[in-house]
Amino acid sequence: MTGQIGFISETEAKRLLKIYEGRRAAGEVPEQIWQRALTQPATAPTRTPLSALYDRYRLSLVASGAAPATVESADYAWRAWAAALEDTDAAELTAARIDEVIVGWRTDRSDRTIQIRVLLLKRVLALAVEENRIVAAPRLRVPSVRERRPHRWLDPEEQVRLLEALPWATSPASAWAIWLCLQLGLRIGEATSRRWSDIDWGRAQLRVDADGQGWHTKTRKGRWLPLSSAVLERLREGFEAAGREETALLCPVEDIRVALLKACERAGVPAMNPHALRHSWASRLATAGVDRPTLMALGGWTSGELL
């Protein structure tokens, strides 16, 4: 017997086994497969970077009619993997390498964020195996969410104190965004994408359209919000001060998170993120006796569970 006896990796063994099974299924007998292996020159394995696998997965999402928010969420989660593994050959990816990346995230990322990222990578690799782009995917351990931070909100008295502490002089755009979220229950993206032309002054309503320039609502559904006389008057004052330019934004994007933390400190209320303003608004209305269907319609929730 000539030649040398050696060892091959587990990945290569699985690749060869898959080829063997495919040829047997096509009707070839073992002797034919062996002769083919002896007579055909070996070819260098094709390199498959992870970035190419994600591009294919993203195309499948779009083709399946996934909502833009779903695709954007996948892109956001993938950027974290791309920073660490973008040029990695999928055939060389191991569970140990993935665990190494995850350990590096644990210092500044929540369990839920890490869980979402791992689930995304698992789906990408599963699709790659299904389409025969890779032989097998490493076994991924999806981390569990150890605890979920409770939703935080301010009681009505704390909301009044926060409104009085808004940074109108130093960060007017941030102050407008915080004020709108607390008064109307807007998501922060909805607040920062509103224009003066979205206000119907005669009907005292604010339009939150489903698709705007650079923004769309989470549920892809628009809604109209009624404005109280006090809120309408404050908006009219701002409109006059802005020079009555209807196409201008009510509150251009600034570092709203920092402005909110400073306002919370001045007001002596618990520190929170901008989305907690929406929770505070909903709690205020629920405490005042607003029924659930009305609250769902005003807040743009699609189910009672989300509410």
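Helices, of at least four residues, and strands, of at least two, are here DSSP runs numbered from the N terminus. The exercises below concern a predicted model.

**Exercise 1. State how many helices and strands the protein chain holds, and describe its burial and its contacts.**

Solution. Begin with the secondary structure: the protein chain has 13 helices and five strands. Next take burial, for which the cut-off is a relative accessible area under 20%; of the 307 residues in the protein chain, 37% are buried. The surface that the protein chain exposes comes to about 18,800 Å², and 52% of it is supplied by carbon and sulfur atoms. Finally, if one takes the contacts between residues at least 6 apart in sequence, 59% of them join residues at least 24 apart.

**Exercise 2. Work out which geometry the ring pairs of Trp 176 have, and which residues belong to the aromatic cluster.**

Solution. A pair of aromatic rings is described by the distance of the centres and the angle of the planes. A search of the whole structure gives eight aromatic pairs. In one of them, the ring centres of Trp 168 and Trp 176 are 5.3 Å apart with the planes at 90°, and the pair is therefore edge-to-face. Trp 176 also pairs with Trp 179, again edge-to-face, with 5.5 Å from centre to centre and 90° between the planes.

The next step is to place these residues. Trp 176 and Trp 179 both belong to helix H8 (residues 172-184), where they are three residues apart, about one turn of the helix. An α-helix has 3.6 residues a turn, so residues three or four places apart point the same way.

Accessibility can then be added: Trp 176 is buried at 10% relative accessibility, and Trp 179 is buried at 7%, whereas Trp 168 is partly exposed, with a relative accessible area of 28%. The cluster is completed by listing its members, and Trp 168, Trp 176, Trp 179, Trp 196, Trp 201 and Phe 239 form one aromatic cluster.

**Exercise 3. Find which arginine lies over the face of Trp 168, and which over the face of Trp 105.**

Solution. For Trp 168, the residue over the face of the ring is Arg 234, at 4.4 Å from the ring centre. For Trp 105, the corresponding residue is Arg 117, which lies over the face at 4.6 Å from the ring centre.

**Exercise 4. Derive the strand order of the sheet that contains E1, E2 and E5, and say which strands stand at the edges.**

Solution. Strands of a sheet pair through backbone hydrogen bonds, either parallel or antiparallel. Start with strand E1 (residues 199-200), which runs antiparallel to E2 and is joined to E2 by two bridges; here Ile 199 has Leu 206 of E2 as its bridge partner. Then turn to strand E5 (residues 223-226), which pairs with E2 in the antiparallel sense over four bridges. In this second pairing, Val 208 stands opposite Arg 223, while Gln 205 stands opposite Pro 226.

Putting the pairings together gives an open sheet of three strands in the order E1-E2-E5, with antiparallel pairing. E1 and E5 stand at the edges with a single partner strand each, so one side of each has no neighbour in the sheet.

The two faces of strand E2 (residues 205-208) can also be told apart, since Leu 206 and Val 208 make up the covered face, and Gln 205 and Arg 207 the uncovered one.

**Exercise 5. Compare the settings of Ala 204 and Arg 244, given that phi is positive in each.**

Solution. Neither residue is a glycine, and phi is near 60° in Ala 204 and near 55° in Arg 244. Ala 204 belongs to the hairpin of E1 and E2, which has four residues between the strands, and Ala 204 is buried, with a relative accessible area of 18%. Arg 244, by contrast, lies in the loop between helix H10 (229-241) and H11, and counts as exposed at 51% relative accessibility.

**Exercise 6. Describe the span of helix H12 and what its buried residues pack against.**

Solution. Helix H12 (residues 275-287) has 13 residues, and its 19 Å from first C-alpha to last is close to the 18 Å expected at 1.5 Å a residue. Its buried residues include Arg 278, His 279 and Trp 281. The buried residues of H12 pack against helices H7, H8, H11 and H13 and against strand E5. Just after H12, Gly 289 takes a positive phi of about 100°.

How values were computed:
Residues numbered from 1 in each chain as written. Predicted model: local features only at pLDDT ≥ 70, side-chain atom pairs only at ≥ 80, totals over all residues. Heavy atoms only, no water. Buried < 20%, exposed > 50% of the residue type's maximum accessible area, 1.4 Å probe, protein only. Contact = heavy atoms within 4.5 Å. Areas by Shrake-Rupley, 256 points an atom, 1.4 Å probe, with all protein chains shown as cover. Phe/Tyr/Trp six-rings, centres within 6.5 Å; stacked < 30°, edge-to-face > 60°. Lys NZ or Arg CZ within 6 Å of the ring centre and 35° of its normal. Pairing = 2+ DSSP bridges. Expected span 1.5 Å × (residues − 1).
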